[in-house]
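Thanks for coming. I will take a few places in this model one at a time, and the sequence and structure are up now.

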Amino acid sequence: MTNVIVAFSKPEDAKSIKNVLMRSGFQVIAVCTSGAQALNYVDGLNGGVIVCGYRLADMIYEELHDCLPGGFEMLLVSSPVKWPDSMPPDIVCLPMPLKVQDLADTVEMMAEAQLRRRKRMKAQPRTRSREDQALIDQAKDLLMERNNMSEIEAHRYIQKCSMDSGNNLVETAQMVMSLMNL
């Protein structure tokens, strides 16, 4: 489920948008009247959609957008006259007056796009830093030298210990190094 935060300068507008979204099946985390409030709610989340107006109590949408962490997209609801010529790619705009179905469909489209991006990111193999890889190689070398293991056996040993302990390979390699160097 995508986290949705609604931020408008007028509390009644924000509550109306929230009600529309909740009736459409979205989970609205917070309703805010200022950018600072919205950023406060965003802090503990790892992605979502902010539905906001052009101007908030303490900033305009661009300032809020610039402060958002990665994983958040913005849906700007305002008069098309206020839209800049070159809108950033992660800001979607809806014109006022707002149609309920347009709002629900747009938020749904943004939520699905975020879900697809997350799945694509999870599917990509992780790359280790040189330092992390060097540490794993050192632990394997130590196991190979002291326990007469092949490189494959040493790697499998670190891998199995990692899975059994719930730590990642780098942490497990550090443990092996500290235990073997006593």
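**A walk through selected contacts**

This is a predicted model, so please keep that in mind throughout. I start with Asn-3. Leaving aside its neighbours within four places in sequence, Asn-3 is in contact with Gln-27, Ile-29, Leu-45, Gly-47, Gly-48 and Val-49. The residue belongs to strand E1, which covers residues 3–7. Is Asn-3 buried or exposed? Its relative accessible area is 14%, and the cut-off for buried is under 20%, so Asn-3 is buried. One of those partners also takes part in a polar contact: the side chain of Asn-3 reaches the backbone oxygen of Gly-47 at 3.1 Å.

Next, a residue in a loop. Arg-55 sits between strand E3 (48–52) and helix H3 (61–67). With 52% relative accessibility, Arg-55 counts as exposed, because the cut-off for that is over 50%. Setting aside neighbours within four places in sequence, Arg-55 has contacts with Ser-9 and Ile-60. Lys-10 is 45 residues from Arg-55 in sequence, and their C-alpha atoms are 9.8 Å apart in space.

Now the salt bridges. Side chains of opposite charge can pair when their charged atoms come close. How many salt bridges does a search of the whole structure find? The search finds four.

Take Arg-117 and Glu-73. Their side chains meet in a salt bridge, with N to O at 2.1 Å. Arg-117 is in helix H4 (residues 100–123) and Glu-73 in strand E4 (residues 72–78), so the pair links distant parts of the chain, 44 residues apart. On the two sides of this bridge, Arg-117 is partly exposed, at a relative accessible area of 36%, whereas Glu-73 is buried, at 11%.

Another salt bridge joins Glu-151 and Lys-140, where the closest N and O atoms are 3.3 Å apart. Glu-151 is in helix H6 and Lys-140 is in helix H5 (residues 130–147), so this pair ties together parts that are eleven residues apart in sequence. Glu-151 counts as partly exposed at 46% relative accessibility. Lys-140 is buried, with a relative accessible area of 8%. Both residues also belong to a network of salt bridges that includes Asp-137.

Staying with helix H6, the side chains of Lys-160 and Asp-164 meet in a salt bridge at 2.9 Å, N to O. How far apart along the helix are Lys-160 and Asp-164, and what does that amount to in turns? They are four residues apart in helix H6, so about one helical turn separates them. Lys-160 counts as partly exposed at 48% relative accessibility, while Asp-164 counts as exposed at 57%.

My last item is the packing of H6 against another helix. Two packed helices are described by the angle between their axes and the distance between the axes. Here the axes of helix H6 (residues 151–165) and helix H7 (residues 169–180) come within 9 Å and cross at roughly 110°. That angle makes H6 roughly perpendicular to H7. On the H6 side, the contact involves His-155, Tyr-157, Ile-158, Gln-159, Cys-161, Ser-162 and Ser-165. On the H7 side are Leu-169, Thr-172, Ala-173, Met-175 and Val-176. What kinds of residue make up this contact of H6 with H7? Seven are nonpolar, five are polar and none is charged.

That is the end of my part.

Key
Residues numbered from 1 in each chain as written. Predicted model: local features only at pLDDT ≥ 70, side-chain atom pairs only at ≥ 80, totals over all residues. Heavy atoms only, no water. Helix = DSSP H or I, 4+ residues; strand = E, 2+ residues; numbered from the N terminus. Buried < 20%, exposed > 50% of the residue type's maximum accessible area, 1.4 Å probe, protein only. Polar contact = N/O pair within 3.5 Å; in protein donor to acceptor, adjacent residues only side chain to side chain. Contact = heavy atoms within 4.5 Å. Axes fitted to C-alpha atoms, helices over the stretch in contact; angles between N-to-C directions. Parallel < 35°, antiparallel > 145°, perpendicular 65-115°, else oblique. Nonpolar A, V, L, I, M, F, W, Y, C, P; charged D, E, K, R; others polar.
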